[in-house]
Amino acid sequence: DEMTTFTGYAFEPIDASLQGLPFVFFQFVIPVPEPLAIAAGAFVGFWTMYIHVSEPDLPWPFMGAGYHLVHHQYNWFNFG
């Protein structure tokens, strides 16, 4: 099984909405400047692409593509 950049964005719409809900909710609880919220969303998007393109592993405690591949091979565990 080979992961591609698009693998990170290929999931069920309800699941996607529920994963993004805390990000939106906490912006109302803790006021965040708009540029910071946009930068955080962009960072999450790039991180999602990075962990799905089989780039070299990152040092601990960061999760790289090698570790994330386990999540896709053994999808009964959610490692992130």
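Is His52 buried or exposed? At 4% relative accessibility, His52 counts as buried. That residue gets its own close-up further down; the legends start with the whole chain.

**Figure 1. The whole chain, a predicted model with 3 helices and 0 strands.**
Reading from the N terminus, the order of elements is simply α-α-α. Of the 80 residues in the protein chain, 15% are buried. The accessible surface adds up to about 6400 Å², and carbon and sulfur atoms own 71% of that. Taking the contacts with a separation of 6 or more, 34% link residues that sit 24 or more positions apart. Some of the pairs in the later views show what such sequence separations look like in space.

**Figure 2. Helix α1, with its bend at Gly20.**
Helix α1 takes in residues 13-29, which is 17 residues. At 1.5 Å a residue these should span 24 Å, and the end C-alpha atoms are 25 Å apart, so expectation and model agree. Still, look at Gly20: α1 bends there by about 30°. A proline, Pro22, follows within four residues of that point.

**Figure 3. The Phe25 and Phe26 rings, an edge-to-face pair.**
Searching the whole structure turns up 2 aromatic pairs. In this one, the ring centres of Phe25 and Phe26 are 5.3 Å apart and the planes meet at 75°, so the pair is edge-to-face. Neither partner is tucked away: Phe25 is partly exposed at a relative accessible area of 47%, and Phe26 is partly exposed too, at 46%.

**Figure 4. Phe43 and Trp47, a stacked pair in helix α2.**
Here the ring centres of Phe43 and Trp47 are 6.1 Å apart, with the planes at 25°, so this pair is stacked. How are the two placed along the helix, that is, how many residues apart are Phe43 and Trp47? They are 4 residues apart in α2 (residues 34-50), so about one helical turn separates them. Phe43 counts as exposed, at 56% relative accessibility. Trp47, by contrast, is partly exposed, with a relative accessible area of 27%.

**Figure 5. The two sides of helix α2, one with buried residues and the other with exposed ones.**
With 17 residues at 1.5 Å each, α2 should span 24 Å, and its end C-alpha atoms are indeed 24 Å apart. Ala37, Gly45 and Thr48 are the buried residues to pick out in this helix. These three cover an arc of only 75° around the axis, which puts them on the same side of α2. Which helix do the buried residues of α2 pack against? They pack against α1. On the other side of α2, Pro35, Leu36, Phe43 and Phe46 are exposed. Phe43 is the residue from the stacked pair in the previous view.

**Figure 6. Met49 of helix α2 and its partner Tyr9.**
Met49 also belongs to α2. Its relative accessibility is 25%, so Met49 counts as partly exposed. Along the chain, Met49 and Tyr9 are 40 residues apart, yet their C-alpha atoms are separated by 8.4 Å.

**Figure 7. His52 and Val53, in the loop between α2 and α3.**
This is the close-up promised at the start. His52 lies in the loop between α2 and α3, the latter being residues 65-73, and is buried, at 4% relative accessibility. Its C-alpha is 7.8 Å from that of Phe6, although the two positions lie 46 residues apart in sequence numbering. Val53, in that loop as well, is partly exposed, with a relative accessible area of 29%. Which distance separates the C-alpha atoms of Val53 and Thr4, 49 residues apart along the chain? The separation is 5.3 Å.

**Figure 8. Gly64, a buried residue in the loop between α2 and α3.**
Gly64 sits in the loop that joins α2 to α3. With 4% relative accessibility, Gly64 counts as buried, since the cut-off for that is under 20%. Which residues does Gly64 contact, leaving aside neighbours within four places in sequence? They are Tyr50, Ile51, Asp57 and Leu58. For Tyr50, the C-alpha separation from Gly64 is 7.6 Å, with the two residues 14 apart along the chain.

Conventions
Residues are numbered from 1 along each chain as its sequence is written. This is a predicted model: local features need pLDDT of at least 70, side-chain atom pairs count only at pLDDT 80 or more; totals for chains, interfaces and linings use all residues. Side-chain values use heavy atoms; hydrogens and water are left out. Buried means under 20% relative accessible area, exposed over 50%, partly exposed in between (1.4 Å probe, protein chains only). Contact means heavy atoms within 4.5 Å. Accessible areas come from the Shrake-Rupley method with a 1.4 Å probe; for residues, only the protein chains shown count as cover. The expected span of a helix is 1.5 Å times one less than its number of residues. The bend at a residue is the angle between axes fitted to the seven residues ending there and the seven starting there. Rings of Phe, Tyr and Trp (its six-membered ring) pair if their centres lie within 6.5 Å; planes under 30 degrees apart count as stacked, over 60 as edge-to-face and the rest as tilted. The arc is that of the directions from the helix axis to the C-beta atoms.
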